Amino acid sequence: MHRRAPRSSRGPVIATTRSHLFTCYHYMFINIPVRTSDCVERMVVDPLRAVVQVAYRKGSIYEYTCVSRRAILNLLLNPNMSLGFWVNDNLLPFNSKTRVLGDVRCLNALFASSMPITQEPDYVTA
């Protein structure tokens, strides 16, 4: 018999069985191995949630949502693909899935080494 703790917007989801305790975090970021790129310093992807975090060489760190899962898997399976080329093809065009359905937000982090950033967005209510 499975029992599940109530889901909250923050923290892990804990599921128990008679003999095991499972903890499942909402985030599963995969670090893209370092590749030479003039544009991208570091990139982490979450193919389950279709989220990509990109640290650009100029210093800004952005999170893109509703990214094509097919494009993320293509990036993971092709180790020679340029990160800048992938960003220009899948995140920035006006007709990309991210621009049409997703959201882009600037993350509050100073260094690419602090990625992935798993903070919940602060929503302002008026």
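1. In this predicted model, a good place to begin is strand E5, which spans residues 40-46 and has five of its seven residues buried, so that the rest of the structure largely encloses it.

2. Strand E5 has partners among the other strands. With strand E4, made up of residues 30-31, it shares two bridges, and the two strands run antiparallel; within this pairing, Asn31 stands opposite Val44 of E5.

3. With strand E6, which covers residues 51-56, E5 is joined by six bridges, again in an antiparallel arrangement. One of the facing positions can be named here, since Arg42 has Ala55 in E6 as its bridge partner. The link between E5 and E6 is a hairpin with four residues between the two strands, and Ala50, which lies in the turn, has a positive phi of about 60°.

4. A reader following the side chains along these strands may keep a general point in mind: side chains in a regular strand alternate between the two faces of the sheet.

5. Which residues make up the aromatic cluster? Tyr56, Tyr62 and Tyr64 form one such cluster, and the structure holds two aromatic pairs. In the pair of Tyr56 and Tyr62, the ring centres are 6.0 Å apart and the planes meet at 65°; because an angle over 60 degrees counts as edge-to-face, the pair is described in that way. In the pair of Tyr62 and Tyr64, the centres lie 6.5 Å apart with the planes at 40°, so this pair is tilted.

6. Are the three tyrosines buried or exposed? Tyr56 has a relative accessible area of 12% and is therefore buried, and Tyr64, with a relative accessible area of 5%, is buried as well. Tyr62, which takes part in the pairs with Tyr56 and with Tyr64, counts as partly exposed because its relative accessibility is 27%.

7. Turning to the chain as a whole, the protein has three helices and eight strands. Read from the N terminus, the elements follow the order β-β-β-β-β-β-β-α-α-α-β, in which the three helices come after seven strands and are followed by a final strand.

8. Some totals for the chain complete the description. Of its 126 residues, 30% count as buried, and the accessible surface comes to about 8,800 Å², with 56% of that area belonging to carbon and sulfur atoms. Among the contacts between residues at least 6 apart in sequence, 43% join residues that are at least 24 apart.

Methods
Residues numbered from 1 in each chain as written. Predicted model: local features only at pLDDT ≥ 70, side-chain atom pairs only at ≥ 80, totals over all residues. Heavy atoms only, no water. Buried < 20%, exposed > 50% of the residue type's maximum accessible area, 1.4 Å probe, protein only. Contact = heavy atoms within 4.5 Å. Areas by Shrake-Rupley, 256 points an atom, 1.4 Å probe, with all protein chains shown as cover. Phe/Tyr/Trp six-rings, centres within 6.5 Å; stacked < 30°, edge-to-face > 60°. Pairing = 2+ DSSP bridges.
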